[in-house]
Amino acid sequence: MTPAAASFPDPGTGTLDPAKAKVLQDVLEKVVSMPDIESGARGVTAAVVTDRWTWSGAAGVDARGTKVVPTSSMAVASITKTFVASEVMLLAKAKKVDLDAPLSTYVKHKLTANNATVRQHLSMTSGVPNYLPADYAHLDKAIAAAPSKHWTPEQALSYDTAPVGAPNSPYNYSNPSYVLLGMLIEKVTGQPLATVLRRDLATPADLQHAAFQDAEKPQAPAVADANPVCGKPDGYLPCRAIASLSAANAGLAADAPTVARWGYELYGGRVLPPELVADMTSGEGGYGLGTMLFSQQFGIDPAYGHRGDMPDHSSLLIVIPAKKLAVSLLLADGNKHVDTTMTELLTALQPLLS
């Protein structure tokens with residue numbers, strides 16, 4: 001475990017002067033000027049939180065041509081995992097969960113029968129792999145038949161046909177592990193997942209524009225989504241079926257300022273004790289506990305956060321503790337290379353942080 005750092009101070013309340021803000025806005029304008037390339041997008045929002053000032057910006061449009069604004073809600077997908085992992089860490093601190101006990105202690109399921117530990121599921125070394133491409137194809141067919149249906153975690157996991165390996169397997173990105181961890185939270189607390197995440201995390205972090213779907217609907221304004229399996233809009237992102245079946249691994253909808261604020265509050269040791277954050281952000285490879293370790297990708301050590309990918313949305317949260325800096329980047333477009341724009345944002349930020 002890496003040494004625990006001191007907590008960040010309160011987020012800054014200052015604003016950037018227009019000339020400095022334009023440098024960041026220009027990065028977003030570049031993204032939407034070339035929407036067809038890998039690092040471009042039809043619409044983009046971003047936000048920065050530091051201990052001195054905050055900034056947010058937007059450019060472009062959503063799938064229906066509506067102009068996006070900094071407070072546009074989008075599906076931020078796997079950034080949800082940072083919330084679920086944080087809640088499990090809080091339960092462990094309260095001695096309601098043992099991170100090194102088998103997850104099967106709390107959740108009986110065929111995917112927990114190999115007795116991989118809670119910690120191994122958090123770090124995606126449990127031997128439970130991701131859904132197979134054929135699984136996703138079957139899921140898409142079921143979603144298209146009833147896009148506004150509410151799915152239970154058990155129903156979602158019933159589509160997982162990948163063979164389970166041994167505990168402490170090499171890292172293998174796993175959405176099913178986080179579905180199981182969501183079931184763990186509900187079993188231990190006796191409360192719905194969304195209720196627990198809001199009470200223990202979103203409210204203490206003062207997140208004004210987050211929705212834990214499908215128990216909560218995204219707040220307006222919400223971007224239009226063009227996910228082909230979802231059909232007509234139903235008030236969820238991208239639709240209720242996807243939002244509910246992926247509630248614990250990818251159900252969060254939020255705007256860029258909320259995501260950046262969450263990164264500052266979480267990795268700044270303000271909603272979790274710093275020693276728990278240190279545990280979440282330690283690891284030999286590219287993944288800690290519900291946290292992607294970004295030092296190699298961005299050449300900054302340490303740097304961490306999470307990506308999120310949906311067919312029609314792409315997102316990235318990065319926190320650089322040495323600079324007390326959290327940056328979020330949300331694209332109203334799918335399968336895009338968010339690292340390129342994040343690198344440009346970080347470069348533009350450098351002179352503004354000195």
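Two strands pair if DSSP finds at least two bridges between them. This cut-off is used in the first views below. The model shown is predicted.

**View A. Strand 2 against strand 10.** Seven bridges join strand 2 to strand 10 (residues 325-331), so the two strands pair by the cut-off of at least two. They run antiparallel. Within this pairing, A46 stands opposite L329 in strand 10.

**View B. Strand 2 against strand 3.** Strand 2 covers residues 43-50, and strand 3 covers residues 53-60. Seven bridges join these strands, which run antiparallel. A hairpin makes the connection from strand 2 to strand 3, through two residues. A46 stands opposite G57 in strand 3. A47, for its part, stands opposite S56 in strand 3. A46 thus has a partner in strand 3, G57, and a partner in strand 10, L329.

**View C. The open sheet around strand 2.** Seven strands make up an open sheet with mixed pairing. Their order is 1-3-2-10-9-8-7. The edges are strand 1 (14-15) and strand 7 (292-293), each of which pairs on one side only. Strand 2 sits between strand 3 and strand 10 in the order.

**View D. Burial on both faces of strand 2.** Side chains in a regular strand alternate between the two faces of the sheet. How many residues of strand 2 are buried? Eight of its eight, so the strand counts as mostly covered under the 20% limit on relative accessible area. One side carries G43, T45, A47 and V49. The other carries V44, A46, V48 and T50. Both faces are covered.

**View E. Helix 1 and its bend.** Helix 1 (residues 18-33) has 16 residues. From its first C-alpha to its last, helix 1 reaches 21 Å, close to the 22 Å expected at 1.5 Å a residue. Where does helix 1 bend? At L24, by about 30 degrees. L24 is also one of the buried residues of helix 1. The buried residues include A21, V27, L28, V31 and V32 as well.

**View F. Helix 2, mostly covered.** Helix 2 spans residues 80-93. Its 14 residues reach 20 Å from first C-alpha to last, close to the 20 Å expected at 1.5 Å a residue. Of the 14, 12 are buried. Among them are the polar or charged T80, K81, T82, S86 and E87. F83, V84, A85, V88, M89, L91 and A92 are buried too. Just after helix 2, K95 takes a positive phi of about 60 degrees.

**View G. F83 and F212, an edge-to-face pair.** A search of the whole structure finds nine aromatic pairs. In the pair of F83 and F212, the ring centres lie 5.2 Å apart. The planes stand at 75 degrees, so the pair is edge-to-face. The pair links distant parts of the chain. F83 lies in helix 2 and F212 in strand 5 (residues 210-212), 129 residues apart. Are these two rings' residues buried or exposed? F83 is buried, and F212 is buried as well. Ring pairs also bring in W262, giving a cluster of F83, F212 and W262.

**View H. F294 and F298, an edge-to-face pair.** F294 and F298 form an aromatic pair with 5.6 Å centre to centre. Their planes are 90 degrees apart. F294 is buried, because its relative accessible area is 0%, under the 20% limit. F298 is buried at 11%.

**View I. Lysines over aromatic rings.** The charged end of K81 sits over the ring of Y178, 5.8 Å from its centre. K81 itself is among the buried residues of helix 2. The charged end of K149 sits over the ring of W151, at 4.8 Å from its centre.

**View J. The disulfide of C230 and C239.** One disulfide is found in a search of the whole structure. C230 and C239 form it, with sulfur atoms 2.2 Å apart. The torsion about the S-S bond is about -55 degrees, so the disulfide is left-handed. What are the relative accessible areas of C230 and C239? C230 has 4% and is buried. C239 has 0% and is buried.

Methods:
Residues are numbered from 1 along each chain as its sequence is written. This is a predicted model: local features need pLDDT of at least 70, side-chain atom pairs count only at pLDDT 80 or more; totals for chains, interfaces and linings use all residues. Side-chain values use heavy atoms; hydrogens and water are left out. Rings of Phe, Tyr and Trp (its six-membered ring) pair if their centres lie within 6.5 Å; planes under 30 degrees apart count as stacked, over 60 as edge-to-face and the rest as tilted. Helices (H or I, at least four residues) and strands (E, at least two) are DSSP runs, numbered from the N terminus. Buried means under 20% relative accessible area, exposed over 50%, partly exposed in between (1.4 Å probe, protein chains only). A charge sits over a ring if NZ of Lys or CZ of Arg is within 6 Å of the ring centre and within 35 degrees of the ring normal. A disulfide is a pair of cysteine sulfur atoms within 2.5 Å. The expected span of a helix is 1.5 Å times one less than its number of residues. The bend at a residue is the angle between axes fitted to the seven residues ending there and the seven starting there.
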